[in-house]
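Colleague: Could you take a close look at one part of this model for me? I'd like to hear about the cavities, and the largest one in particular.

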Amino acid sequence: MRFKRPNLMSVMTGLTAALLAGSAAMAAEPTPGGWWLQEPATPVMVKLTEVHNLVFWIICAIVIFVMVLMGYIMIRFREKANPVPSKTSHNTLIEVIWTIVPVLILLVIVVPSMQLLYYQDQVPETELTVKAVGNTWNWEYAYPDYENIESYISNPLDEDASEAAGKPFLLGTDAPLVVPVNTKVKVLVTSLNNMHAWTVPSFGIKMDAVPGLVNETWFEVFEEGTYYGPCSEICGVNHYYMPIEVQVVSKAEFERWVANDGAFPGQTAQLGGTTTAAQK
Amino acid sequence: MVAIPETGGYGADHDDGKPGFFARWFYSTNHKDIGTLYLIFGIISGLIGGYLSFMMRLELMEPGFQYFANGHDFNVFASMHGLIMIFFMVMPAVIGGFGNWFVPIMIGAPDMAFPRMNNLSFWLLPVALICLLISFFVPGTAAGDGFGGGWVMYPPLSTSGSPGPAFDFIIIGLLAAGFSSIFGAINFITTILNMRAPGMTLHKMPLFAWSVLVTAFLLLLALPVLAASLFMLFTDRIDGGTGFFDPAMGGDPQMFQHLFWFFGHPEVYIMILPAFGIISHIVSTFSRKPIFGYLGMAYAMVAIGVVGFVVWAHHMYTVGMDVNLKAYFLAATLIIAVPTGVKIFSWLATMWGGSIRYTIPMQWALAFIFLFVIGGVTGVMLANAGVDAYLHDTYYVVAHFHYVLSMGAVFGIFAGFYYWFGKMSGIQYNKWLAAAHFWLFFIGVNVIFFPQHFLGYNGMQRRVADYPEAFELWNKVSSYGAIITLIGTGFFFLMLLEAFTIGRKTRRVGDNYWGDGATTLEWTLSSPPPFHQFNTLPRIEDTDEH
C-alpha cells in the first residue's frame, strides 16, 4: 500500500496553486490510501478546492474550539472540583453572542460559495460540445459538432483488460471521451433509462443523467492526461461498474483524431463502439 | 425546570388492575406498555438493520466480490439498511418508545389522549416490517430478489427499473409505517396541547416534550407527502397506469425527488429532535443545574423544524436545478447552523458552573454533543452547492449523515435508554457492562465513519459493492470499526441479560435514583411507575425558575 500524503504546509497556504505547480503528468484518479481531494484539473475545480479549503479550516476551528471548551468544562466543573453547582440559567449577552457570531461566520462562507456556484453553473462561450448519454450500464459519447464522428459506447474494462491496458479496474474504459486541452467544452448529459450521474472529481463535475432531460455543464482542462470518475447515482446491478474516462489530448492531436473520423492515427477503426465488455 | 409539589408517588395507592399477559401486551392501551413494545420493536429492527450494514462492511473490507452474488444484492442490503434503520429503529425508539413512555408523565397526564389509536400506531409497524422483510425474498429485477434502488426510491429505477413485486411490498410497508407515524403524531399533538397538568404552561414544559411536539408537527406535515408520492409510484408501476414520473408520458422523474425530499429533509429532524430533548435532560441532571437558556432551546427546535421544511433541495444540487434555486437552498441550509449552534452552546453553558457526574448516560450525552458537532460542520460543507458537486453521493455524505444519525440519533437513544432504564424497569444497569458497551461503541463507530470522509474526498461513490484498489486502505479500517461496534453491541445485550437476571435481585432503584439534578415529573413516581399514574393531577407551582 502506497501512501501519498498531501503536504500540510501547502494545504494551509493555498493548496491548489502548489499542487498544480507540482504535478507533472496528470492522471487524475483516486490516490491509493488517499485522504484528500483529487488534484484539480479545471478552473472550476481550482475554485472549488479553494472554497472547500476555506470552509474546511473554518469547520476544523469550530470543532477544535468546541472540543477545547468541552474539555475545559469537563475538568473544571467535575463533581470533585466543583461540588456546589451554580444556579445560573440566563445570560442574555452570551446568548446574543452565540447567535450573532455563527451568522458572521456563515457570511464569510456564503460569499465565496455563491461566487463558486455561479461560476461553475453558468456555461461560458464554449468551443466544443460533447454529449454523454447514460445507459444501463455504460456511457455513450457523441460529438454533435462533427458529423463524421459517430457516437460510440464507452464500456468498462474487465479486470484482465484493465491490467493489460494499464488502467485502474472499475475506472478504465475501452473508449474514453476524447477532448482537447485548454478548450472550453460543453457537456450535455442525459440518460436512456435509469438515472445516472456523469462524474469526474478532478473536474469538479457531477451532473445527473436524467431521462427526458438534457443537463449541461462545462469544463476546461489545464493539462493533457487521463481523468477518471465513477457513475454517482444508483442505477441498478452494475452501478459500481460504469466508469467515466476522459482522455485529454493536445489540440493538434484532437484535430487529427477528428480528421481520422474519431480514431487516433494508427488505429484503423473508430474508438470504441465495441459491445458489452464482460459485464457481470 | 418544573417545580414539583410535595411528592409521594402519585396514584400508587390504588389497585393497578393490570390485565393478563395477552390482553396487556396485544390489546394494550397503556402508554408505558406501548412504549415498551416500541422499544423492543426498535431493538429487533436495529438488529436486522445492523446485520445488513455489517454484511456490507464485510463485503467492502476488500476489493472484489466476497459475500454478495452481484451488485444488486448489495444494493438491496444498502436500501433496506436505510429504510429499516430510519422507519423501524430510530423513529419507533425515540418517538414511539421514549415519547410514549415519558411525554405523558413529563406533562403530568395519566395517559395519551387516544390510547386505542396508540395501540393501532404500534401494531401497524410489525405489519410494515413484515412487508419489508417479504420484499427481500420476492423478485425485484432480473438480477435478483429484493429492491435495490436506495432508500430514496428514485424513479425510474423504482418504476421501470424494478419491475418485480419486491418494491410493491416496500410501498405497502412504508405506507403502513407512515400511517402509524401520522396517528402517533396526532396523538402526541393532542396529548401535549390538551392534557398538560394544571399550571404547566407550554413555557414550563420539559424540553423532551417540546422536542416531541415539534417532531409530531413535522411528522404530520411531512408524512402525507411521502404517502402521496408512494401512491404515485405505485400507480406509475401498474401497466397502463399513470405517468407522473415517466418522461415518455410527459412526466418528470425529478418531481419525485422534490416530493421525496420535501418529506425526507424534515424526516432527518424527526429523527434528531427527540434526541436533542433527551440530551438536554441528561446534561441538566448530571450537571445538577437547570437548562441554560430554556426558551432559546425550545424555540431553537421550533426554528429547526420550520427551516427544515424549506431546505429540501440541498439533497438535489446535482440534478440540474436552476442556479438561483441552488443559491437559495445554499443560503437557507446554512441558516440551520444557527439554531443548531444555539443548542450546542446552551448544553455547554448548562454544564458550565455545574457539578458534573460522569455516569453512563452522561457519557453518551457528551459523546453525542461532540460527535454531533463533527456531523454538523460537515453539513455546512455539504450545504455549499458548488463544493457539493464534488462531494455529492460520495462517502463523505455517508460519513456526514452517519455522524448525525448513527452518532447523533443513536447515541441519543442509548443515552435515554441508560438514563431511564432504571425508571422503566426498576433495575439499575451494571455499570461495567454499560461502560464496555459505551466505549466499544464510541470507538467502533468513529473508526467506521471517520475514514469515510477520506474515501469521499478521494472520490469513492456511495452504494457500490466493489471499488478500485485505491480505496482499499480506508475501507478496511472502516470495516474493522464495524467489528468493534458489533462487539460493543454484544455488551449491550449482555447488559440487558445481566440486568434482568442478576440485577433484578440486587439493584432495585428508588423513585429518583439520579438525585436532585433530576427535576422532571417522572422522578416523582416509583420505578417502575404504577400502571396508571397521576389519578390526582400534579399541580405545577408558579415559579420563575428558568
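**Inside the largest cavity**

Modeller: Sure. Keep in mind that this is a predicted model. The structure holds 6 cavities of 30 Å³ or more, and the largest of them has about 150 Å³ of space. Its lining is made up of 19 residues, and those closest to the centre are Tyr38(B), Ile95(B), Gly96(B), Ser180(B) and Ser181(B). As for who builds the wall, three elements of chain B each give two or more residues to the lining: helix H3 (71-106), helix H4 (115-135) and helix H5 (166-194). H5(B) has the largest share, with 7 residues. In terms of chemistry, the lining of this cavity has 11 nonpolar and 8 polar residues, and no charged ones.

While you have the model open, have a look at the sheet in chain A too. There, 5 strands form an open sheet in the order E4-E3-E2-E6-E9, with mixed pairing. Strand E4 (152-154) and strand E9 (215-219) of chain A sit at the edges with a single partner strand each, so each has one side without a neighbour in the sheet. From one strand to the next, the twist averages 30°. E2(A) and strand E6 (residues 185-191) of chain A run parallel and are joined by 7 bridges; Ala132(A), for instance, stands opposite Val189(A) in E6(A).

Thr129(A) is part of strand E2 (residues 128-135) of chain A. Its relative accessibility is 15%, so Thr129(A) counts as buried. Leaving out residues up to four places away in sequence, Thr129(A) touches Ala142(A), Tyr143(A), Pro144(A), Asp145(A), Lys186(A) and Leu188(A).

Definitions and conventions:
Residues numbered from 1 in each chain as written. Chains lettered and ligands numbered in written order. Predicted model: local features only at pLDDT ≥ 70, side-chain atom pairs only at ≥ 80, totals over all residues. Heavy atoms only, no water. 1 Å grid on protein atoms, 1.4 Å probe; cavity = no way out; pocket = protein on both sides within 12 Å on 5 of 7 lines; lining within 4 Å. Points joined across faces, edges and corners; volume = space filled by probe spheres on them. Helix = DSSP H or I, 4+ residues; strand = E, 2+ residues; numbered from the N terminus. Nonpolar A, V, L, I, M, F, W, Y, C, P; charged D, E, K, R; others polar. Buried < 20%, exposed > 50% of the residue type's maximum accessible area, 1.4 Å probe, protein only. Contact = heavy atoms within 4.5 Å. Pairing = 2+ DSSP bridges. Axes fitted to C-alpha atoms, helices over the stretch in contact; angles between N-to-C directions.
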